[in-house]
Amino acid sequence: MTKDVWVSVKGLHHVKGAGNGSAEDVQDDEVEVFSPGTYHLRNGKHYVEYEEMDEESGEVMKNRITLRDRHLEVLRRGTIYTKMIFEENSKNVSWYNTPAGNLLAGFDVGAMQVSESEELIEITVEYALELNYEHVSDSRIRIRIMTKDHLPPLSSLRTPPQRVAAMPSAEGR
């Protein structure tokens with residue numbers, strides 16, 4: 001893989017509302033970030049760094065993805081600060097620090113798939129998301145790290161580049 005890469009991070013949150021649990025009471029929230037980034041492989045560990053802009057504050061968020069075997073870490077620094085850890089069949093918790101307050105975020109991972117080639121690393125994680133010990137959503141994140149010449153057709157990108165959606169605030173729940 002080359003040093004200069006494209007990074008696509010696509011998250012889907014399947015959220016049940018506070019209503020009666022009917023099909024109409026379920027909301028899917030999908031967010032995708034697409035940015036240029038840098039890639040390094042050191043001691044068998046993949047490192048990817050990229051930036052994205054927070055739509056609300058306009059601040060640039062600095063992100064680092066670290067992957068080794070089936071251990072994924074996503075570090076976000078900026079308006080929001082967190083270190084999310086995903087491991088198959090494991091639950092990890094970390095603080096999710098936001099301007100609206102701090103949340104304890106839990107990531108209870110079920111399935112995790114990783115595929116690697118010279119042009120593409122693709123990671124898919126299915127997990128239950130908890131905030132302050134309450135189940136919020138069943139979620140899936142798909143991370144694609146691509147060489148610059150492996151760019152997918154622009155028509156396949158459903159959201160504009162640099163999009164960031166914040167997790168629900170402590171007040172909004």
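The following questions and answers concern a predicted model and its strands, core and salt bridges. Local features need pLDDT of at least 70, side-chain atom pairs count only at pLDDT 80 or more, and totals for chains, interfaces and linings use all residues. Residues are numbered from 1 along each chain as its sequence is written, and side-chain values use heavy atoms, with hydrogens and water left out.

Me: Over how many bridges do strand 9 and strand 10 pair?
Reply: Strands are DSSP runs of E with at least two residues, numbered from the N terminus, and two strands pair if DSSP finds at least two bridges between them. Strand 9 covers residues 120-131 and strand 10 covers residues 134-147. Their pairing is antiparallel, and the number of bridges is twelve.

Me: Which residue in the turn of the hairpin has a positive phi?
Reply: Strand 9 and strand 10 form this hairpin with two residues between them. A positive phi of about 50 degrees belongs to N132.

Me: Is V109 in strand 8 buried or exposed?
Reply: Buried means under 20% relative accessible area, exposed over 50%, and partly exposed in between, with a 1.4 Å probe and protein chains only. V109 lies in strand 8 (residues 101-116). Contact means heavy atoms within 4.5 Å, and V109 touches F86, V125 and Y127, among others, not counting residues up to four places away in sequence. Because its relative accessible area is 3%, V109 is buried.

Me: Which strand gives the largest share of the largest nonpolar core?
Reply: A nonpolar core is a set of buried Ala, Val, Leu, Ile, Met, Phe, Trp, Tyr and Cys residues joined through side-chain atoms within 4.5 Å. The largest one has 31 residues, and those touching the most other members include F86, I123, V125 and I143. Six residues of this core, its largest share, come from strand 9.

Me: Which residue meets E73 in a salt bridge?
Reply: A salt bridge is a side-chain nitrogen of Lys or Arg within 4 Å of a carboxyl oxygen of Asp or Glu. E73 counts as buried at 16% relative accessibility. Its partner is partly exposed, with a relative accessible area of 38%. The N to O distance is 3.6 Å, and the partner is K83.

Me: Which residues are linked with E122 in a network of salt bridges?
Reply: The side chains of E122 and R142 meet at 3.7 Å, N to O. E122 lies in strand 9 and R142 in strand 10, so the pair ties together parts that are 20 residues apart in sequence. The network links E122 with R142 and R144.

Terms used: Helix = DSSP H or I, 4+ residues; strand = E, 2+ residues; numbered from the N terminus.
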